[in-house]
Structures are given as C-alpha cells and as structure tokens.
Amino acid sequence: MRFLPIYLLCYFFFLAPFLQAAEMRELYRGARATGLSGAFVSIADDEQAIFMNPAGLAAQKKFKINYATVLAEASDDLVMSALQGSTTGLGDFDGNTINDQLMGKNIYIRAQATPSLIMPNIGISILIDDQVAILAKNRVCPQITLGYQMTNGLQAAGGFSLMPRTKIQHDFRVGLGAKILWRRGGYKKLSLVQVLDVNQGMLETIAGSYELGYGVDTGLQYIRNFGKSFSAAFGLAYTDIGNTSFVSNSDPIYANLTAGISLSYQIKSIKVTLAYDQRHLFESVDAQKRNHLGLELSLPMITVYGGINQVYYSYGLSFDAWLFRLTAMSYAEEMSAIAYQDETRRYMLDASLKIGF
Amino acid sequence: MSAFSWHWNFYKVLAARNLFLFSLLWGLSGCGASLLDGTTPQGKIAMIEKTNQYLNSGDCTNAIATIEDLYQSEDSDNEVRFAMASAYACEANINFFKLVMDLSSDPAALSTGFFALLAKLFPSQDIPSDKTVTAAKLATDALMAMLKPGMPIDTDEYVNFESFNPGSVVAQDRLDDANAFLLFVSMAGIGALENRYVTVDAGHKPPIPTPLDFWNDETKVTATDCTFASMVVNFADTIGSVAEAVNTPSTKASLITLQAVYQQAIFDACDEGCVTICGIASCAQCPKTLRDRTSCTGVAKDPASCAAAGIAKMVNAAWFGGTAVP
C-alpha cells in the first residue's frame, strides 16, 4: 500500500482514450458529490455510493431510507432569462431576437429523483432523470444541439470490506453495482438542413421512445486511519463498464473511470474533508477537464462546500435536520473540447426526506 | 521525542506527501502540447469550437484568424471547411435567422423583385475596405469543397484542384449542409454585387440604363460579371438540392415552388444567352463550368460568357418587371 500513490500516477499514462468533444455528461448528479466538485470516489460514504463508487457501501452499517430525494438544476442562461422576464412580444420576434435569446446560450434544465434504501453493505435506488437543453452557437451558420433525455431505472450495489474487523487502521473495500435503465432521447446536433426543416416529426424522432439498457459498475476504496481524527483514502471506480448502451436512438452512457484521493480531519462534531478526483480517464479530452477538487466543512446541521470542478469554482451549502436535508449549490461545466472556452454555470437545489435506524 | 510529537510529525509528513501528490497530479494534468493544434483531432475540434464562439457575437475577424491556417493546410477537412465558410460568410454580412426572417417578411418580393430585395439586404460598396464580395467568393470556395466521401469527380468538374480544398461544380457531389448554406451565401454575393453595378435607391429599382451592361454582349463579360453569373447559377443549383433534402411537406412545397420559378428561369436565361445572344448550341441548365467564377473568358462564342450575358438580361428584366431595356 505504500506504493499506492505510484500506482495512481501510472493510471494517467497507460489509458487508452476515446475522443469526446463536448460536455462530459453524467448519468447521476448527487448533491454532496456536486458540492465536492465531483471529487467523491474516495469518500462515497452515503447513498450516493450506489452510483459513484459501490465500494463505499461497505461503510454502511445501518438502515437508511431517502424516501423523497429530488434535485433540480438549471443553467444561468435560463435562470437569468427567467429572472429578467421576456420583454419581447410575439409581434417583435425577429432574427435579431433569436440571436439575442439563443445564440451563444446554453439553455439547460434537469430534474432528478433518486429515492433509495440503504442496508448494511447494500444499497438500492430508483432513478428518474429528465433533461431538456438547447445549445446554440454561431449566428452566421447555426450550430444547434437539442437535448431531450428521460432516463428511468433501478440501480443496486453492494460493497464489502476485505480486511478483518480487528484491523481498524486499514480498510480495503470492493464493490459491485448493476443497473437496469429505460431511456429515451439524448443530445442531437442538428444539421443545417434540419435547422431549416424543424418540425414536430423531427422533434419526436429526437425524443424517440424508451429503450432498455443494462450497466455494471465496480469500485474499490482503501481507507487509512491515523488515530480517531485523521484519515486518508483512495478510491477507484469504473462505472458503466463497456458503455451502457440502448437499442438504437438513445444516447449511451459512456464508461467512466475515476480515481481519487481524500484527507479527512475530525474534531468533535466538526469535520473537514479535502478530496481530489480525476474523472473520465478513458476520454481523450483536455486534461484540465478531468480535474475535480473539493472541500467539505461539516458542522452540526450545516455543511459548507467549495472547490474547483474542472477549471471553474463551485460552492454550496447544505442544511441537514436529521429527517430533512436541503442543499443549494452552484457549479460550472466546460461545454467545449478544451478548458476556458465555453463555461456554463448551473444552479442546483436538492431536497431529501430521510429516515435512518 | 514524545509520542504526540512523533505522531504529529508523521501526520505532517503524510499530509505533505499527499499535498505534493495533489500538486503533481494537478501539474501533470496541465502538461502536453498546445491544445489549439489542428494536427490533432482534439485540437481541430477546439479550433472549430473557438471559431463558432467568435461567430456567436459576429466577430468575423477573429473567427477567420482562428480557422484560416488550418483551412489552408493538409489537415483541412469538411468540418474545417464548414467553419471557414461560416467565418467568411460573417464577413459577407450573413446572419442566418435574420436573413430567413427578412426573406419571409416580404413574400411578394420572393416572386417579383427578388433580385432587388437581395440588393437591399446585402449593401456593399466597391471600395478596398468593403470585403463583402470577396468574403462571399471565399465562402463559396469553401462550401464547394465539402464533398461527399467517395464521389467520383471528373477533372473538368473540379475547382481549386491544386489546393488543400478542391471543390466540385456539381451540387450532387457536395454535402447537403454545404448546399444549404451555399444557398444563402449565393444570395449574399448576388445582392452585394448588384450594389456594385448600381446605386439602389429606396425603391430598390436601379436607374436607366440597364445596370448589367453585359446583357447583350458576351465579350463585355468581366471577371466580376462572371462571378455574379456564377453566383446566380449556384443559387439555382442549391434551391433544387435543398428542396430534395428537406422532408417537411410545407417547406418542401415552398422550395419546389421557388425551384420552379427561379431555377428554371435561370436555366432558361443561360440558354437564351447561348442561343439568342451568341448563336451557339443550346446550354440548357447552364454550362457546367459557369459554376466556377473564373470560367468566363470574355471571348466571342465562349459558352460560359454567353450564358453569363443571358443571366444579366434576365436579371435586368426581372428588376424592371418586364423586358430588358437596350
């Protein structure tokens, strides 16, 4: 294990990449994981482990039900338009209006519900995810991507410790997860002919019909405790192994290899966690887009988040009153092939009703 | 050393090691060759996206500067050509949705006074700082080079054969999106060039005598005249091509109507130029080479020049709403 950091370095040099030009979309967005700017694979110690790193479920020793977990997020272009209100009447709608309202804008909205049941070592969650987006560029020769995607399904995972219970200084965990999903739609870039030919039939084709797909995740974690206050962790997760594909029209979920490390320090009821992940290690993208650095400051009932998601800052606040948790945060995503080209900032609100015993 | 001191020192070493690891990983993630490198797939995508970013706000100069070197290199491909064409088209004052709305706002002008409408929509002056016509020409070249993979192309159908972006004069050899955008680029070029021939007044009618003076004499056809005629013929070709590509019944019907009115009128004009003006064999559907703006020789009986003269006669007549004034 002393050579674990060296093993970690080796991953960055010996991976076969594939090319993805645009936003690196995720099947699942967890509030806490997003608050940590996506640096969660080595932490994964709550219900989000079902989706992010099943090995983290090895730490679950109690029952917990998140019976109403809903999340909504929207891009700043959409939020600002809504806050300002549209001043354009139907009679004033012209080419300049379309340019002002649409071109260079990333209009995006997403709603997700993930009620879950956590048992010792096992977690099961329902996933309901709906996304709508219009991404438009170039007022001279419009490059328009329409997003309409609905994903429903079930995901189950289990995590187990390989270390004897007497070994409290170390813990090595492995996990496995499986999912069955129904998806319709995706993100489709329109050709110029399609821009000229937009009609209901085309939109229905983009939306498609529900298609079935199966996926498998796996993960591991190594936890090193230094006394009662300080711990370090390493995590590795491989989700959607071999890509979770659907029959024909719906966008696949690309395989995602994530590696990360974290440090935690706890004094009484205050805990500080610093985490760093590299996500999408299989994809040939600007290396800066893989970076995720997160900081979590947990106080009684209040948790403050901050960090850097890819190259953009993120921040958030969570209020946890045992049976109810509310989290609000802001993060930004890079929409282009390389960093600092096309930032889209999003605002997220997550509410969860839960009970544990 | 007390046990506490030992543990604290150990924690500091461990924290330092891991912070070093964080820094090393962060630093490594930023290493590598420049990402705006057109020789790599990722770099090429990044340059195209950067070009689109500039065109969000109509920054034509930076858009052209971003993509031009890649376009003029062996790494040029159809995606690069499309980005280049849109950057040049920006300089030709094309604003897609505004143009579509402007064309739709005056349905009557589409059937009568169409050429005058284009002159109104694309003002231009024959001064060195006005690059509208040049930009339309270069955008046309880029779009003509967007060829369907595997298409057999005859030698006499190529344009710019020696360049990194050889094109075809045959619309069916090109991608649908290239023809769709060439429809708008052609309109921009026609309108801008019309403003070079005559000062278009508020009523969008030119003064007498006829603006296009090469209407009855093929030996008067200059390079600019040939460019104008070439753009008119490309406009005719692309109407038909786009009409074939769209699927919406109402849109398809409108384009087929436009095709029936303008495409046939332009092809008939070419034929009149060849047969009536020059007295040579019929050139129905216009000489293939006239799609290349450099094809006119201005020599007597040259089919491309004859067809260009016929097109000028047709445009004059359409502008005045009747027969051409000698």
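Two strands are said to pair if DSSP finds at least two bridges between them. With that in mind, the reader may enter this predicted model through a set of strands in chain A.

Strand E4 of chain A covers residues 116-119, and 4 bridges join it in antiparallel fashion to strand E5 of chain A. One of the residues of this pairing is A:Met119, whose bridge partner in E5(A) is A:Ile122. E4(A) and E5(A) form a hairpin with 2 residues between the strands, and in this hairpin A:Asn121 takes a positive phi near 75°.

Strand E5 of chain A spans residues 122-137 and has further partners. Strand E3 of chain A, residues 106-113, pairs with E5(A) in the antiparallel sense over 8 bridges. Strand E6 of chain A, residues 143-161, is also antiparallel to E5(A), with 16 bridges between them. A second hairpin is thus named by its strands: E5(A) and E6(A) have 5 residues between them, and A:Asn138 in the turn has a positive phi of about 70°.

A:Gln131 offers a convenient way to follow these pairings. In E5(A), A:Gln131 is the bridge partner of A:Arg110. A:Gln131 also stands opposite A:Gln149, which belongs to E6(A).

A:Gln131 and A:Arg110 lead on to the enclosed spaces of the model. How many cavities of 30 Å³ or more does a search of the whole structure find? The search gives 2. The second largest holds about 40 Å³ of space. Its lining consists of A:Glu23, A:Arg25, A:Glu26, A:Arg29, A:Tyr108, A:Arg110, A:Gln131, A:Tyr187 and A:Arg346. By class, these are 2 nonpolar, 1 polar and 6 charged residues.

The largest cavity contains about 160 Å³ of space. It is lined by 18 residues, and those closest to its centre are A:Glu26, A:Arg29, A:Gly38, A:Arg279 and A:Asn309. A:Glu26 and A:Arg29 are also named in the lining of the second largest cavity. Helix H2 (31-35) and strand E16 (324-334) of chain A each contribute at least two residues to the lining of the largest cavity. The lining of the largest cavity comprises 5 nonpolar, 8 polar and 5 charged residues.

Attention now passes to chain B, beginning with a helix. Helix H9 of chain B, residues 176-197, has 22 residues and reaches 32 Å from its first C-alpha to its last, close to the 32 Å expected at 1.5 Å a residue. Of the 22 residues of H9(B), 19 are buried, so the helix is largely enclosed by the rest of the structure.

The cysteines form the next topic. A disulfide is a covalent bond between the sulfur atoms of two cysteines. Over all chains, a search of the whole structure finds 5 disulfides. When the bonded cysteines of chain B are numbered in sequence order, the pairing reads 1-2, 3-9, 4-8, 5-7, 6-10.

One of these disulfides is formed by B:Cys226 and B:Cys296, whose sulfur atoms are 2.0 Å apart. The link of B:Cys226 and B:Cys296 is right-handed, with 75° about the S-S bond. B:Cys226 lies in helix H10 (residues 223-245) of chain B and B:Cys296 in the loop between helix H11 (249-277) and helix H12 (303-320) of chain B, so the pair ties together parts that are 70 residues apart in sequence. Both B:Cys226 and B:Cys296 are buried.

Another disulfide joins B:Cys278 and B:Cys306, with their sulfur atoms 1.9 Å apart. With -105° about the S-S bond, this link is left-handed. The pair connects distant parts of the chain, 28 residues apart: B:Cys278 is in the loop between H11 and H12 of chain B, and B:Cys306 is in helix H12 of chain B. B:Cys278 is buried at a relative accessible area of 2%, and B:Cys306 is buried at 0%.

B:Cys274 and B:Cys283 are likewise joined by a disulfide, with 1.9 Å from S to S. The torsion about their S-S bond is about 100°, so this disulfide is right-handed. B:Cys274 is buried, its relative accessible area being 0%, and B:Cys283 counts as buried at 9% relative accessibility.

Back in chain A, why does A:Cys141 have no bond to the closest cysteine sulfur? That closest sulfur, in B:Cys90, is 12 Å from the sulfur of A:Cys141, too far for a bond. A:Cys141 counts as buried, because its relative accessibility is 1% and buried means under 20%.

Note on methods. Residues numbered from 1 in each chain as written. Chains lettered and ligands numbered in written order. Predicted model: local features only at pLDDT ≥ 70, side-chain atom pairs only at ≥ 80, totals over all residues. Heavy atoms only, no water. Helix = DSSP H or I, 4+ residues; strand = E, 2+ residues; numbered from the N terminus. 1 Å grid on protein atoms, 1.4 Å probe; cavity = no way out; pocket = protein on both sides within 12 Å on 5 of 7 lines; lining within 4 Å. Points joined across faces, edges and corners; volume = space filled by probe spheres on them. Nonpolar A, V, L, I, M, F, W, Y, C, P; charged D, E, K, R; others polar. Expected span 1.5 Å × (residues − 1). Buried < 20%, exposed > 50% of the residue type's maximum accessible area, 1.4 Å probe, protein only. Disulfide = S-S within 2.5 Å.
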